[in-house]
Amino acid sequence: MPIKMESIMKKMISICLLSALSALLLSACGGGAQMAAAAGPEPLATNLSAQNGDALYTADTPISDVMGDPVFGSYGRLIFPANSSYYSGNTLGDLGLTWYSHIDPDKTVEIVNTMYLHAKAGDTIFYDIYTEEEKAADPAKKDTGLFFFKGTPGERFAICNAGGGFAYVGAMHDSFPHALELSQMGYNAFALIYRPGAQTACEDLARAIQFIFEHADELEVDTACYSLWGGSAGGRMAAYLGSYGPEAFGGGDLPKPGAVIMQYTGHSEYTESDPPTYACVGTNDGIASWRTMERRLEALEAQGIPTEFHAYEGLGHGFGLGTGTVAEGWIKDAAAFWEDQFVTLGTETYRGFTVDNVLHTGTNGDIHYNVYIPESYDGSKPYALFFTLPGYEGLYFQGVASNIKAESFGFEAQKYNEKMIVVAPQLSDWGETSANQTIALVEYFLKHYNIDRARVYANGYSGGGETMSIVMGKRPELFAAYLHCSSQWDGDLAVLAQSRTPVYLAVGRNDEYYGSEPTQKAYDTLYGLYQDQGLSKEEIDRLLVLDIKEKSYFTAKGVNNEHGGGGLFASDEKIMGWLFSQTKRTALSGIIPEELEYVPEGYQQPAQHPGTLEKLEYQTWESFSYAEKSQKLTKTAWVYLPYGYDESKQYNIFYLSHGGWSNETTTMGTPERPHEFKHIVDHAIEDGLIQPLIIVLPTYNNTSESDSGNYSLALRLVDNFHNELVNDLIPAAESKYSTFAETTDLKGIAASRDHRAFGGFSMGSMNTWHAFEYCLDYFRYFAPSSGGPIGNRAYMEEIVQSSGHSPGDFFIFTASGTDDFAYSGFKRGVMDMGTDSEIFTFGDSEAEGNLSFREQEGYSHNGTAANEYMYNALRFFWNT
C-alpha cells in the first residue's frame, strides 16, 4: 500500500517557514534570498557551441525570456518554479529562491545555456512522466517532468531532487547544478520536477524511476545501481524511495536505488534494508540538524549498510554544490561513494585473489570475478591489466574461485610484471553473453582503476578461448596482445585484422577436444587478411604467432592429455614472455620528413573556408597561491574551431602556448584581426594537409597582461601553469567543445590523452617542457621549439620513470633555427636526451622512437619560424 505522509509535509513546511522568518529577523534583508554579484557566464558544460549566430543567455537576460523561449516549447515554464511566488528577481543574475541563499548566477546562466544549446540542436532535454490522459484527470501533474542532462551513452543514471519545503521545486539551485555536474562526470542525470506535497512528490519520483526503466534503451542508460540524490525536501524523497522502493509509491516492482545521496535534511526514518547512503550538511543549518543526520547514518552503519557522512563547519542550509565554501567538491566524493556500490566486494581470498566480487550491471546482469591487486597499487601510478578466461571447469556454476584453483595463468602472470592487476572472471557460458560481460568488466577496470592502456593483456583457455575470441572480434582495441590456448576461434577475424592486435595461437596438434585444425584455419585466415592489407611477412610475424605443440611437449612434462595439457602454456616462459613483452604503441601520427616543410605560398592570406575563433572565459586561481585557492581569477583563452566544426564529431585538441611579451591573442589573433597562423591552419585543413582539430590558445599571464614581459617571472609562471591547465582550462574547454574526452575529470582527461597535444615557441616551449614534466598523464604529444629543455637527460628520464608511463606513450617533436639565439643550447639539450638513453629514442615516426629534432638553416627567433615549426608539428600529429 502506498505510504501516506501528509503530516510530514505539513511539519516540513512549518519548519522551513519558521527558519525563513528567523533568518529574516536576524538579517534584516528583504523577502528574497541574498544574491551574489552577477558575473559573466562560465564555460558551457556541453559539447555544443554557439555557432551560426545563436545568442546565448547572460546574467542580464530576463527570466521571462528564458521561460518563453520557443526552443523550449511548453516546458520552458518548468525551468523555474511553477508557482512564481517562490522566486524573485527579473533576470538570471538576480534570481532568488525561497529558503536558499547560495544561488550562483554564473551557474544559473551556464545551466540555461546548456539547455538552450541542446534543445536548439534537436536533443530531447525534457520528458513527460505522465500521459496526457493522466494529466487531464489530475491537472497538477502538468507541472511534472524530467529534465535530462545526458552523459555517456550506456552509463548509469541518477535522479536529482531539489528541495523547496514540498511547496515548490528549487531546481535551479538544488537539482539542475547537481545533474549538470554528474553529466560532466559521464553519468546520465535527470532532474525531477514534482508536485507539491510529500506524498505526491514521492509518487512522482516513483513514476520517474518507472519511466526511465521503461525507456532505458531510448534514453541509453544503464539501470543497474541507479542513484537518488536530493537536498532538503528532495533528500527526504530520495530517502523514502530508498527505504521502501518505487513500488511502495505506485512505481511498479522495480529495484531500490543502489545508493542514496542526501543533503541537509532532518529525515530520521530508516529500515534494515536501506541502500548505501551518503549524507552531508552544515553545522549551522537551522532547518536540518547535522546531529540528526549523523545519528541516522550511524544507525544504518550498525545494520551493516555502507555510509559516509560529512558535516561542514559553519555552513547553513541549502549550500547546493558548495562552490566557494568548505563543502566545494563534495559532489565528487558522493559520486565516488556511489561508484563504490557498483561492485559487491568479495569477503574471502585465495592465494592473493579476492574472490567472488560482483559487478552489477543492467544490460549484462551481475558479473562475478576474482581479482588480484598488488599491495603496491594505490592508484597514483598506472598498472598493467591481465584478463584470464577459464575453461569449462572454471565457470561460475562449478564453484566460487574454481577457475583460479583449476588454472594457473593468473598466478604465473604475476611473475612477469609486479605492477599488474589480474582479473579472473567467472562467467556462465562461452558465447555472446559472456563475451559482452567480459567487455563490460574490462571497461569497468579501465575506468575505475589507473590502468596503463598500453599494457592490457588477455588469455583464454578452452571454452574461455572461444569467449575471448568473440571479445577480440568485437573490441580488440582494448588489448595490447592476446594469448589463445587450446581452443577454437569463434570471433570476427576481420575486425581483429583491422586493429592489428598481436595474437599468439597455442594448441596441441592432437587436442582431444578441438584438434588443431580450427586454430590452423584461424591463423591462415588472419594471415591472409594481413596480406590483403599489404603487410610483409616480417610485419605479419610480429602480429601473429602459430604454435602447434607435438605430443612430446606434453609427455615430457608428465601429461598425456593434450587438451588438458593446455594449462602447461601458463608456465611456458616463451609463450607467456611473448604475451607480456607486447606493448601497445598506438600510431596516431605520421612520418616527420628529413627536412621540415616550408609553409606553402599563399597560406599567409585568408582561406576560402576559414575556421572560427571563440573567446573562452574560465575560472581559475592566482598562480603562486593556487594550492590555497585564496584569490580567484577569471581568465580568457581563445579557441580555434575548424571550418565545418560539428559537435557530433570528436576532435583532437592542441594547446598552443604563446611566448614572452605576449598573450592569448598573439598566435592566432581575434575574429576581427586574425593572424597569419590562423590562415596557415585554415589552408592546411582546407587542403587536407592537417586533420581538422581544435586549438586552444591560453595565457600563462597571471594577474597582469605584462607578466610575460618579465623573463624571470614568466619562468616561474610557466612552471606553475600545469595546475590551471589540468584543473581549470582543460575541463572548461573540453566540456564545451567536442573532443575525445568523455568526461572532464582527471580520469576522463587521462583516458583521452592520445588525442591531446601541447606546444609552444620560446617561453611557450618552456611551458611545453613543464607540461611534459607535470602532465604526461594527460598529453601524448609535445612540440617545444627554441626553448629549454628544463633538465639534463637523467632529469628528463626520471620524469617518465616516475610517471609510470612507457617510452611508447608519448612523442616529442622539437625544432629550432640555426640563427636562433636559443639554437645551440636547445639542440644540445635535446640531443643529450636522445643519446644513450633507455627512455628517449630518436625517430621519424612513433614506430621508430619518441623524440625528433629538426633544424631550419638560417632561421632566427621570430614569428615566421614559430609558425613554421607549429605547422610541421600539426602535419605530423594525428596524420597517419
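**View 1. Val-718 is buried in helix α22.** At 0% relative accessibility, Val-718 counts as buried (under 20% relative accessible area with a 1.4 Å probe, protein chains only; over 50% is exposed, in between is partly exposed). Keep in mind that this is a predicted model, where local features need pLDDT of at least 70, side-chain atom pairs count only at pLDDT 80 or more, and totals for chains, interfaces and linings use all residues. Residues are numbered from 1 along each chain as its sequence is written, and side-chain values use heavy atoms, leaving out hydrogens and water. Val-718 sits in helix α22 (a DSSP run of H or I, at least four residues; strands are runs of E, at least two). Look for Gly-764 too: its C-alpha atom is 8.1 Å from that of Val-718, though their positions lie 46 residues apart along the chain.

**View 2. Helix α22 helps to line the largest cavity.** A search of the whole structure turns up six cavities of 30 Å³ or more (sets of points on a 1 Å grid where a 1.4 Å probe fits but cannot get out). The largest one holds about 70 Å³ of space, counted as the volume filled by probe spheres set on the points. Its lining takes in 13 residues (those with an atom within 4 Å of a point). Ser-623, Leu-717, Asn-720, Phe-721 and Glu-724 lie nearest the centre. Helix α22 gives the largest share of the lining, five residues, and β21 (612-621) also supplies at least two. By type, the lining splits into five nonpolar, six polar and two charged residues.

**View 3. Glu-724 pairs with Lys-635.** These two make a salt bridge, with their closest N and O atoms 3.1 Å apart (a side-chain nitrogen of Lys or Arg within 4 Å of a carboxyl oxygen of Asp or Glu). Glu-724 belongs to helix α22 and Lys-635 to strand β22 (residues 632-641), so the pair links parts of the chain 89 residues apart. Both partners are buried.

**View 4. Glu-614 pairs with Lys-736.** In this salt bridge the closest N and O atoms are 3.9 Å apart. The pair ties strand β21, home of Glu-614, to helix α22, home of Lys-736, across 122 residues. Again, both residues are buried.

**View 5. Asp-452 pairs with Arg-455.** One of the 31 salt bridges in the structure joins these two, with the closest N and O atoms 3.0 Å apart. Asp-452 is buried, at 6% relative accessible area, while Arg-455 is partly exposed, at 22%.

Terms used. On a 1 Å grid over the protein atoms alone, a cavity is a set of points where a 1.4 Å probe fits but cannot get out, and a pocket is an open set with protein on both sides within 12 Å along at least five of seven lines; lining residues have an atom within 4 Å of a point. Ala, Val, Leu, Ile, Met, Phe, Trp, Tyr, Cys and Pro count as nonpolar, Asp, Glu, Lys and Arg as charged, and the others, Gly among them, as polar.
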